[in-house]
Amino acid sequence: MLRNRVYYRVKPFIPQFLRTALRRRLALRVRDRIANIWPIMPGSERPPEDWPGWPDGKKFALVLTHDVEGAAGLRKCRRLMRLEMELGFRSSFNFIPEGSYRVPRELREELSRNGFEVGIHDLKHDGRLFASRREFRRRAVRINSYLRDWNAVGFRSGFMLHELDWLHELDIQYDTSTFDTDPFEPQPEGRYTIFPFWVAARELESGRRHSDLASDLGPPATGNARSGYVELPYTLPQDSTLFLLLRERTADIWLRKLDWIAEHGGMALVNIHPDYVGFDSTNGSNNNYPAARIYEFLNYVAKKFGDAFWNPSCSELSSWYAAVQRRATQWPLRTDGVSRGRAATAAKAVLAGRRAAVLLYSYYPADPRPRRAAEALVEAGMHVDLICLRGKATEKTREVIRGVHIVRLPLRKRRHNKRTYFLQYATFIGACFGLLGARSLKKRYDLVHIHNMPDVLVFGALIPKLLGARIVLDLHDPMPELMMSIYNLGAEERLVEWLKRLEKRSISFANLVLTPNKAFQQLFISRGCPPGKIEIIMNSPESEIFNSKYRALSPDAANGGRPFKMMYHGLIAERHGLDTALEAVAQLRPAIPELEFHIFGDRTAYMDKIEALVRQLGLDGDVHYHGYQPQTEIAKSIRSIDLGVIPNRRNPFTEINMPTRIFEYLAMGKPVVVPNTRGIRDYFGRNSALFFEPGDPRSLGDAILQVYRNPQKVDAVLEQGRSVYEAHRWEIHRERLLNLIGDLMSDVGRAQS
Ligand SMILES: [Zn+2]
């Protein structure tokens, strides 16, 4: 450390060009000496004990991070963000709170809105953060206040200096100031691992073993963020080392190391400084290198590995890993393969005999997501009371279905206007509040599971919460975006602002938030939901209904002369783009004369417009409308078609939604054409889905034509798509749900005992 201290003291007095020249000379000398430990440190590919493997069966993880060093870097953030989005990647941007530039709030918000993460890079970036314990402590207070202000959970120090033990003073979920091997850094000790690891806080009171790098100790089971943090070492050389210091002319070192990490199933984490990226230069200079290197790298990964890798933000990765660790210590069982079932058994042991209430402003059992969750709780041995609406007079007010005790309130959803919505919501929440309150006084609930909309239904559980129940808020859809999409409202509209505030309050009332996809999760986080509090439970189709017993008939319509059948099923509304689909069908008629389009869905006012459009386009004989059909009938129909379409238009809601219908087609072995939107791209890549540009009939037509003409190629895409579905089957998410609730309940147990 002495060498460092001297270096950083004199550094400001050495001119930049001399500093660069010196470092370069030194680097070239070092490089010869270190060939056997850099860029690959043998042994670092060994996974930690009990390594569960990456989520969803992914082969390896690729994590992109950016440290923004100065104003030049700040100016290039948006361009770098767009470059990555274009290639289908997401990353974390780390800003210096008190450095040479100010970070505009708009930039941070724009990054989060697009699914990027914002983290904190040092405080002043002057090399003095760890100068003394006292100095660090002083600065930690400031860093924590920026973490709160920016809603950030991650940290990286300047110059990769690190004292992992001190970092417990920061309110962080992860740190990324270390590396597997990097002898070019001023504090050059590597961690010699290409995997994340847990850094446990010292446990002063308990008198348990002290350790500053206690991955062997594991976190205490409280799930408290302060019990430790996840360390994410970077494992690919920094861009500055490769291109500025060593003057590499290709991204080759990155590619080779990445291949090696992929082969061993590790974590490839890279730090790319926007400051040094030359977007408009082809040769590079002393302080920047061509952006082509980044293209070369990302294109290589995308092409070679397709959907086989996970590209999380640091916060996603660390919250996943913290949960893995928590579970491992709580129930010392592995979460992989065979033993995964045992973890669920352990969760069941926690849940059995407990009491849960479910609130649902919808119909039961018609709504599939609440039904599956409630049935999972019953199967885990819980007593479940459920309060919902009474749709038809023929439905009973009280009933037990598959062990779920249902109370139906005499209210029906009416889609009139915003005022009616509001009144109905208020009535229902009031009724739930009263009913749950009265029941809680007789016998306490351990858990209340609330399904939105509305978000504020969560407050119907106030009394059980005061009496100790844990609150799970299941955000099926983000209300602000859904309302914007239904009523065509702008983001600045008062109602939308108001819904966002209510959403935030509702989230902070809950102990755990569930949502069905990554884009929704990121959206809620960008609006202030703590990343550690929200988890994904996907809407996977029911495998008893949608399954591949019905193997696809190879789409050979081109030579068979039989009809080429395309299908749509779901809500018939403008945002779902049936008009785009009809225009595509009209354009395709000359190319596919035997094309038929089958539409399934309850009749809505919008259907009249669709029927008018069918006549106008002269498609009367080609389009068949079947009205509402139950799921079993939908599954039968899927069996007989060649292709499904999700013709959604683009709007704030459809952009981030991930329609379950995609999985329904894939589960039954049928290709499906999907819109190129973020919510879907989070799960599918070019190799696993057939994309079209939303709102563009020509692009949709091209995708359909591809299925018609190129069955072999489409089969390969279908195969990949099915493996995405397989990784998200309901059985997997069901177990995840039970584990999460098991975590929550065992905390209660501890608090009460
Ligand atoms: Zn830096």
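What percentage of the 753 residues of the chain count as buried? In this predicted model, the share that counts as buried is 45%. The chain contains 25 helices and 25 strands. Among contacts with a separation of 6 or more, 73% are between residues 24 or more positions apart.

Confidence was examined along the chain. The mean pLDDT is 86, and 89% of the residues reach 70 or more. Over residues 203-225, however, the pLDDT is below 50, and this stretch has 39 contacts in the model beyond near neighbours in sequence. A further stretch, residues 550-559, also stays under 50 in pLDDT. For residues 550-559 the model has 18 contacts beyond four places in sequence.

One element of the fold is an open sheet of 8 strands with mixed pairing. The strands are arranged in the order β14-β15-β13-β12-β16-β17-β18-β19. Strands β14 (398-401) and β19 (534-536) form the edges, each pairing on one side only. From one strand to the next, the twist averages 20 degrees. Within the sheet, β16 (residues 447-451) and β17 (residues 470-474) run parallel and are joined by 5 bridges. I450 has L473 in β17 as its bridge partner.

Helices pack on this sheet. Helix α12, which spans residues 418-442, touches β12 (355-360), β13 (383-389) and β15 (404-409). The direction of α12 makes about 135 degrees with that of β15. Helix α16, formed by residues 518-526, also packs on the sheet, where it touches β18 (512-515) and the edge strand β19. Between the directions of α16 and β19 the angle is about 170 degrees.

A helix pair was also examined, formed by α18 (residues 578-588) and α23 (residues 697-709). The two helices pack at an angle of about 60 degrees, and their axes are 8 Å apart. Because of this angle, α18 is oblique to α23. The crossing of the two helices, α18 and α23, is right-handed. On the α18 side, the residues that meet α23 are T580, A581, E583, A584, Q587 and L588. Their counterparts in α23 are P697, R698, L700, G701, I704 and L705.

Notes
Residues are numbered from 1 along each chain as its sequence is written. This is a predicted model: local features need pLDDT of at least 70, side-chain atom pairs count only at pLDDT 80 or more; totals for chains, interfaces and linings use all residues. pLDDT is the predictor's confidence in each residue, from 0 to 100. Two residues are in contact if their C-beta atoms, placed from the backbone, lie within 7 Å. Two strands pair if DSSP finds at least two bridges between them. Helices (H or I, at least four residues) and strands (E, at least two) are DSSP runs, numbered from the N terminus. Axes are lines fitted to C-alpha atoms, for helices over the stretch in contact, and angles run from 0 to 180 degrees between N-to-C directions. A residue is buried if 20 or more other C-beta atoms lie within 10 Å of its own, exposed if 12 or fewer, and partly exposed in between; C-beta atoms are placed from the backbone. Angles under 35 degrees count as roughly parallel, over 145 as roughly antiparallel, 65 to 115 as roughly perpendicular and the rest as oblique. A crossing is left-handed if the near helix is turned anticlockwise from the far one by less than a right angle, and right-handed if clockwise.
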